[in-house]
Amino acid sequence: MYGVNPPAFQGIQFVQVASATPQSSTASVPVAYPGAQSAGNLNVVIVGWHDTAADVQSVTDSAGNSYVRAFGPTTGTGLRQSIYYAKNIAASGANTVTVAFTQAAAKPDVRILEYSGVDTSNPLDVAGGAAGTNNISDSGLVTTNAANELIVGANTVGTN
């Protein structure tokens with residue numbers, strides 16, 4: 001078959017990211033995506049904060065997507081972190097994600113990421129995490145079950 005081009009690669013693609021890092025304690029952190037979102041994509045929300053008394057109460061967005069905790073909270077020395085996701089998002093335009101805590105959280109760090117091309121028909125197949133006290137992040141080995149999977153890793157760093 002001469003002159004026939006193979007189909008374009010339709011794998012996972014990073015779309016956009018935004019973050020907010022308030023330097024004071026707060027009970028709610030809104031973060032807006034810089035660009036319009038596309039329906040059917042995947043949102044990932046990584047939340048870190050510098051205390052162990054607060055926890056994430058909810059993750060919501062202005063488009064009405066449902067968020068599920070993928071992992072966490074992982075607790076370190078005076079730090080916590082959780083990862084959330086919304087698959088097959090309904091958003092098609094501007095969207096603001098809001099993380100609400102059970103009480104004011106110290107120095108929260110919220111990162112929101114959008115990906116396209118993720119097979120959202122399958123559930124999360126592996127989740128792992130670890131806490132440490134040295135300068136090396138390591139959550140252990142991760143084995144995937146398919147060739148086209150998204151692996152998300154994050155860490156929270158505390159300094160004296």
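**View 1. An all-strand chain: zero helices and eight strands make up its secondary structure.** Welcome to this predicted model. Walking along the sequence, you meet the pattern β-β-β-β-β-β-β-β. The chain has 160 residues, and 32% of them count as buried.

**View 2. Contacts and surface of the chain.** Consider the contacts with a separation of 6 or more: 80% of them in this chain join residues 24 or more positions apart. On the outside, the accessible surface of the chain comes to about 9400 Å². Carbon and sulfur atoms hold 50% of that surface.

**View 3. The open sheet, built from five strands.** Follow the strands across the sheet and you read the order S1-S8-S3-S6-S5, with antiparallel pairing. At the edges stand strand S1 (13–20) and strand S5 (68–76). Each has a single partner strand, so one side of each is left without a neighbour in the sheet. On average, neighbouring strands here are turned by 15° against each other, with direction ignored.

**View 4. Strands S3 and S8, an antiparallel pair.** Here we zoom in on two strands from the sheet order S1-S8-S3-S6-S5. Residues 42–49 form strand S3, and residues 109–116 form strand S8. How many bridges link strand S3 and strand S8? The two strands pair over seven bridges.

**View 5. A bridge partner for Asn-43.** Which residue in S8 is the bridge partner of Asn-43? Look for Glu-114, which takes that place in S8.

Note on methods:
Residues numbered from 1 in each chain as written. Predicted model: local features only at pLDDT ≥ 70, side-chain atom pairs only at ≥ 80, totals over all residues. Heavy atoms only, no water. Helix = DSSP H or I, 4+ residues; strand = E, 2+ residues; numbered from the N terminus. Buried < 20%, exposed > 50% of the residue type's maximum accessible area, 1.4 Å probe, protein only. Contact = heavy atoms within 4.5 Å. Areas by Shrake-Rupley, 256 points an atom, 1.4 Å probe, with all protein chains shown as cover. Pairing = 2+ DSSP bridges. Axes fitted to C-alpha atoms, helices over the stretch in contact; angles between N-to-C directions.
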